[in-house]
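Here's a quick briefing to read with the model open beside you. Take it one topic at a time and find each part as you go.

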Amino acid sequence: MDNNGISTFAVEEEAEVLFENIHVRDGKFFKEFYSFTFFKRPLLIALYVSMVLSVITNVVSFIMGTRERLVWTIGPILWFLLIFFIYKRNVSVGLKRQMEDGNGKLIVYTVKVLEDRILYKTSLGTEMTFELQKIKRVNCTKSYLLLQTFAYQMIPVQKDCFTKGSYEDFCEFLRAKGYKVKG
């Protein structure tokens with residue numbers, strides 16, 4: 001809202017909206033988001049592979065008679081279990097927060113893309129504007145594009161929920177702006 005009580009979202013919306021995406025964050029969203037966050041990022045995959053190789057090496061050493069290597073085998077296994085527990089908990093807590101914030105209903109998110117900015121609005125009345133140039137990276141999951149800002153905020157866009165424009169055209173728009181978009 002500006003000083004006159006006029007919604008800046010409504011004023012900015014007068015510019016041409018190129019793409020519009022309306023979606024809810026349900027259990028499917030939280031599973032995909034946290035699966036990406038905890039298991040599918042390249043640096044984490046490299047870390048997990050190195051830990052698995054470490055466990056295999058330590059098990060082989062244990063079998064060959066070096067008993068003190070057993071301690072180094074248990075640590076990575078416990079770490080994997082902890083990461084999986086945190087993933088499951090975050091999915092549950094994320095959905096629970098959505099339901100609490102929406103008074104028992106899922107919150108509807110509207111993402112409108114203009115030539116130089118993204119307008120983001122929820123059914124609770126929250127309105128935000130993001131400059132398109134503030135998008136650092138575009139991450140892709142099975143059903144979502146996650147637009148990450150330099151401040152590490154994520155703007156999810158569900159691939160099959162475009163009400164204006166299409167997913168393919170949106171990807172081309174982002175590529176034309178210089179972003180790497182897979183899919």
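Below is a short tour of the sheet, the cores, a hairpin and the aromatic rings.

Keep in mind that this is a predicted model. Among the things to look for are an open sheet of five strands, a nonpolar core of 23 residues and 20 aromatic pairs.

**The sheet**

- Start with the five strands that make an open sheet: the order is β4-β3-β2-β1-β8, and the pairing is antiparallel.
- Some background helps here: strands of a sheet pair through backbone hydrogen bonds, either parallel or antiparallel.
- β4 (127-131) and β8 (162-164) are the edge strands, as each of them pairs on one side only.
- Going from one strand to the next, the twist averages 20°.
- Zoom in on β1 (residues 19-24) and β8: they run antiparallel and are joined by two bridges.
- Asparagine 21 has phenylalanine 162 of β8 standing opposite.
- A helix comes in too: α5 lies across β1, β2 and β8, and runs at about 120° to β1.

**The nonpolar cores**

- Now for the inside: in soluble globular proteins, nonpolar side chains tend to be buried together.
- Here the largest nonpolar core has 23 residues, and Ile118, Leu145, Leu147, Phe170 and Leu174 have the most contacts inside it.
- The elements giving two or more residues to this core are β2 (108-113), β3 (117-122), β5 (135-140), β6 (144-149), β7 (154-158) and α5 (167-176).
- Which element gives the most to this core? That's α5, with five residues.
- Try clicking on isoleucine 118: leaving aside neighbours within four places in sequence, its contacts include Val111, Met128, Phe130, Leu132, Leu147 and Ile155.
- There's also a second, separate core of 12 residues, and Phe36, Phe38, Tyr87 and Tyr144 are among them.

**The β6-β7 hairpin**

- β6 and β7 form a hairpin, with four residues between them.
- Have a look at tyrosine 152 in the turn, which has a positive phi of about 60°.
- The two strands run antiparallel, and five bridges join them.
- One match to find is leucine 145, whose bridge partner in β7 is valine 157.
- Is β7 mostly covered or mostly open? Mostly covered: four of its five residues are buried.

**The aromatic rings**

- A pair of aromatic rings is described by the distance of the centres and the angle of the planes.
- Phenylalanine 38 and phenylalanine 39 make a tilted pair, at 6.3 Å centre to centre with 50° between the planes.
- Phenylalanine 39 also pairs with tyrosine 48: the ring centres are 6.4 Å apart and the planes are at 45°, so this pair is tilted.
- Why does phenylalanine 38 count as buried? Because its relative accessibility is 14%, and buried means under 20%.
- Phenylalanine 39 has 27% relative accessibility, so it counts as partly exposed.
- Tyrosine 48 is buried, with a relative accessible area of 11%.
- Ring pairs link these three residues into a cluster that also includes Phe29, Phe30, Trp79, Phe84 and Tyr144.
- One last ring to find is that of tyrosine 109: the charged end of arginine 25 sits over it, 4.1 Å from its centre.

Technical notes
Residues are numbered from 1 along each chain as its sequence is written. This is a predicted model: local features need pLDDT of at least 70, side-chain atom pairs count only at pLDDT 80 or more; totals for chains, interfaces and linings use all residues. Side-chain values use heavy atoms; hydrogens and water are left out. A nonpolar core is a set of buried Ala, Val, Leu, Ile, Met, Phe, Trp, Tyr and Cys residues joined through side-chain atoms within 4.5 Å. Buried means under 20% relative accessible area, exposed over 50%, partly exposed in between (1.4 Å probe, protein chains only). Contact means heavy atoms within 4.5 Å. Two strands pair if DSSP finds at least two bridges between them. Axes are lines fitted to C-alpha atoms, for helices over the stretch in contact, and angles run from 0 to 180 degrees between N-to-C directions. Rings of Phe, Tyr and Trp (its six-membered ring) pair if their centres lie within 6.5 Å; planes under 30 degrees apart count as stacked, over 60 as edge-to-face and the rest as tilted. A charge sits over a ring if NZ of Lys or CZ of Arg is within 6 Å of the ring centre and within 35 degrees of the ring normal.
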